[in-house]
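Here is a short briefing to read alongside your model. Keep the 3D view open as you go.

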Amino acid sequence: MTVTSVFAAGAAAPPAPDLFPPPPPGFPIDGGLVLLLIAGVLLGSYTIYKKTIDKKTSV
């Protein structure tokens, strides 16, 4: 068994500067949202079409 002791420093160290600035509040998410929705509708339509064709031809 091992025991590890950790002690806090006597004086508070200043915080390290951030390398990357934080993003602005209210960051927009609509950059490619319309294209993503169109792609989803097309993929869903294609999948439904393929399933109906497979049902008709699998006699």
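The notes below cover the overall fold, the helix and a surface patch.

This is a predicted model, where local features need pLDDT of at least 70, side-chain atom pairs count only at pLDDT 80 or more, and totals for chains, interfaces and linings use all residues. Residues are numbered from 1 along each chain as its sequence is written, and side-chain values use heavy atoms, leaving out hydrogens and water.

**Overall**
- The protein has 1 helix and 0 strands (DSSP runs: H or I of at least four residues for helices, E of at least two for strands).
- Of its 59 residues, 0% count as buried (under 20% relative accessible area, 1.4 Å probe, protein chains only).

**Helix α1**
- The 25 residues of α1 should span 36 Å at 1.5 Å a residue (1.5 Å times one less than the number of residues), and the end C-alpha atoms agree, being 36 Å apart.
- Among the 25 residues of α1, the count of buried ones is 0.

**Around Leu 35**
- Leu 35 sits in α1, which covers residues 33–57.
- Leu 35 is exposed (over 50%), at 63% relative accessible area.
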